[in-house]
Amino acid sequence: MSQQMPYTGFPQQQYGYDMYPSAQYPYGIPQQQQQMIQQQQPQLVPMQPSGSLIPGMPITPGQALEESYIENILRLNRGKVITVYQTFENNSQWNAKIFRGVLETAGRDHIIISDPQTGKRYLLLMVNTDYITADEELNYIPPQLPTGVR
């Protein structure tokens with residue numbers, strides 16, 4: 001009977017080398033070189049959150065500028081009656097639905113409206129939203145661009 005070696009699933013380190021051979025390193029990559037490769041990998045910069053200031057914009061004290069995103073526009077219009085048109089893929093009961101109510105608030109991925117007649121609140125996902133209408137004029141502050149940019 002032959003004796004089987006247990007498979008550990010991980011590369012074995014012996015003699016200061018990782019045991020993944022390549023054409024350049026037939027016996028694996030030396031650990032010192034692996035550390036240098038790991039140190040040279042670029043650092044990821046996290047994305048700025050929604051509503052952040054526009055980079056490179058000169059700001060005077062007391063002035064706050066936000067980027068123009070749907071949730072920011074909706075926040076400027078809290079308390080107004082809106083109609084949200086949404087579609088839902090692969091739904092056997094309904095493919096499209098219309099929600100009408102008072103805009104309570106909005107976030108990056110959601111809208112909260114309430115039905116004034118029933119008091120029922122709806123948390124609607126932005127990913128399902130096709131478009132939004134309002135019966136009255138919407139408040140909107142266009143983003144200010146740096147001088148010379150159109």
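This passage walks through one open sheet in a predicted model and how its strands line up.

The sheet has five strands, and reading across gives the order E6-E5-E4-E3-E7, with antiparallel pairing. At the two edges sit E6 (121–125) and E7 (129–134), each of which pairs on one side only. Going from one strand to the next, the twist averages 45 degrees. As a bit of background, strands of a sheet pair through backbone hydrogen bonds, and the pairing can be either parallel or antiparallel.

Now for the pairs themselves, beginning with E3 and E4. Strand E3 covers residues 81–87 and strand E4 covers residues 96–106; the two run antiparallel and are joined by seven bridges. To spot this pairing in the structure, look for glutamine 86, which stands opposite lysine 97 in E4.

E3 also pairs with E7, again in the antiparallel sense, this time over five bridges. Here threonine meets threonine: the bridge partner of threonine 83 is threonine 133 in E7. So much for E3, which has E4 and E7 as its neighbours in the strand order.

Over at E4, the other pairing is with strand E5 (residues 110–114), where four bridges hold an antiparallel match. Alanine 106 faces isoleucine 111 of E5 across this pair. E4 and E5 make a hairpin, with three residues between the two strands. Past E5 in the order comes E6, an edge strand.

Conventions:
Residues are numbered from 1 along each chain as its sequence is written. This is a predicted model: local features need pLDDT of at least 70, side-chain atom pairs count only at pLDDT 80 or more; totals for chains, interfaces and linings use all residues. Side-chain values use heavy atoms; hydrogens and water are left out. Two strands pair if DSSP finds at least two bridges between them. Axes are lines fitted to C-alpha atoms, for helices over the stretch in contact, and angles run from 0 to 180 degrees between N-to-C directions.
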